[in-house]
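Please open the structure in a viewer and keep the selection panel at hand. This tour proposes a series of selections and states what each one contains.

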Amino acid sequence: MATSFCFLIPLFWLISSAVKPSDQIFVFPQVWIPHPAEWNNFAIALTSLPFGQFALNTLAIAVLVTVGNVFSSAFVAYGFARFRFPGRNVLFIVMLATLMVPGQILLVPQFIMYYKLGWINTFAPLIVPAFFGSAFYVFLIRQFFMNIPPELKDAAYIDGAGEWTIFSRIYLPLSKSALTAVAIFSFQGAWNDFLGPLIYLNSQKLYTLQIGLTEFEGIFHSNWNYIMAASAVIMLPMIVIFFIGQRYFIQGILMSGTKG
Amino acid sequence: MGYLFISPWIIGFIVFVAGPLIASLIISMTNYNLLSSPQFIGLQNYAHMFGDSNFWLSLQVTFYYALLAVPIDLIVALVLAIMLNQNVRFMPLFRTIFYLPALLPPVAISMLWIWILNPAYGILNTFLKTIGLPQPQWFLTPQTTVPGYVIMSIWGLGTWMVIFLAGLQNVPAELYEAAVLDGSGVWAKFWHVTLPMISPVLFFNLVMGIVGAFSFFTQAFVIGQGTGTGAGVSNSGLFYSLYLYQKAFSELQMGYASALGWALFLIVMLLSLLVFRSSALWVYYGGESS
């Protein structure tokens, strides 16, 4: 189908531009398959700024955020799914409502809070909130938990299991697909995050890949081949994750969108 | 016991959402630049907003973007979803192709699209030239800046499409069969069966789309920097969030930025409320007769 071909064109162009020798960028009509293909561009681009450090930073943040999100959201989801307590429904709706709050209004007060805590220019503001349950993920996991037959829990009770055991030994293992979906979305969100690192990270050694790329562009302003090369490499992990975890992405969206 | 399990969220909600919301309201009534203590000035920040031409400009830019991007993205996503729902071979492959761009880092995407929309050497203009259409200067002229962003957003509508596709696949086949028996043509089937049955999904996408359009930041910032203009030629790319960012972090006007934040919150809430209200007219939850 022609439309899908059109959709792929930007990516073709990305790679095509990335391997162009510098004298073939500003040429009209465009060169689609450069000869010679300068695969060296990738090396040049990625060594002119400490992209290795940026990658490590981004990876560290993404992993921690993912771990935090998966466990805290599952924990909270269990609370919403398995217990009845006064105000449960109200709190659940409040939680969902937070999804509609534009982040901009929280930007300033959160920044001031972190400033007073001395956490500016550290990774803390980017990682800590992930350990407190995130509305979207809690929702997703809770829907999943609701589908686990109560008989399992009752049987475990009779065997003398406490809540924590039921949660960790029964519910968690059964929810692998939902948890994986959360993990993948969470990792992707953290990898792609720009505003957070932008306002909280000031020293270059703490930069993430996204910030690094922006700085790179500022320096190599019209060297589109290098910029495309760097951009392509930064996109690559997302593409890989996508191909590996594709069905989790789709499943995750199904679990949320249609029940919305 | 339930409270114990949800306590992390409650704590998080208070510390990261409710607390900041209230604090933001208070800060919005001060002059505060982080370095000296806040000075209380009442509603002056809000009064100032009304006379601030950049405030109105940023609202205009953001509304313009939302007005174009949200309907276009939703319609195109729906059309694509419908096409994918036709039991074509290799459907998963096509779905992958359409969904992938939505997952890529916005910063990298922005770089790519600055280059694609380059007036002289970008491939979009080359294409337009080949088919004899005029070639706009995209991010380099005020009138075509927002349209440039809209085009970029079309590439990223994969998430909406997947959600629509899920909704479409949940439409019971019997309804279509009944419609065919009644002699309905393609358009009637769409209008009387498909649309009502996916209206909850459409509703969800619409609300999320509006919130997203008004929070638009990363691409605006990166492209603003990338074209060397900060916020577009004559501030034609001054999205609301970008303006707020400038006030807060370039000029350290925390009080005014907080006021801007509240104004945005109220606007988005108002729009969401409108959509919610109108939903009674057009959203159909299975179980009623239409």
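Helices and strands are here DSSP runs, a helix having at least four residues and a strand at least two, and they are numbered from the N terminus. Please bear in mind throughout that the model is predicted.

**First stop: chain A.** Select chain A and colour the selection by secondary structure. Its 13 helices are accompanied by zero strands, and in sequence order the pattern reads α-α-α-α-α-α-α-α-α-α-α-α-α. The C-alpha trace of chain A extends over about 75 × 50 × 30 Å along its principal axes. Chain A has 260 residues, of which 42% are classed as buried. Of the contacts in chain A between residues at least 6 apart in sequence, 77% link residues at least 24 apart.

**Second stop: chain B.** Now select chain B, which contains 13 helices and two strands. Its C-alpha trace covers about 75 × 65 × 35 Å along the principal axes. Of the 290 residues in chain B, 43% are buried. Among contacts in chain B with a separation of 6 or more, 68% are between residues 24 or more positions apart.

**Third stop: where the chains meet.** Display both chains together. How many residues does each chain bring to the contact? Chain B provides 68 residues and chain A provides 71. Next, select residues 2-27 of chain B, which form helix α1; this helix gives 15 residues, the largest share of the side of chain B that touches chain A. Finally, colour that side of chain B by residue class: 52 residues are nonpolar, 16 are polar and none is charged.

Terms used
Residues are numbered from 1 along each chain as its sequence is written. Chains are lettered from A and ligands numbered from 1 in the order in which they are written. This is a predicted model: local features need pLDDT of at least 70, side-chain atom pairs count only at pLDDT 80 or more; totals for chains, interfaces and linings use all residues. A residue is buried if 20 or more other C-beta atoms lie within 10 Å of its own, exposed if 12 or fewer, and partly exposed in between; C-beta atoms are placed from the backbone. Two residues are in contact if their C-beta atoms, placed from the backbone, lie within 7 Å. Ala, Val, Leu, Ile, Met, Phe, Trp, Tyr, Cys and Pro count as nonpolar, Asp, Glu, Lys and Arg as charged, and the others, Gly among them, as polar.
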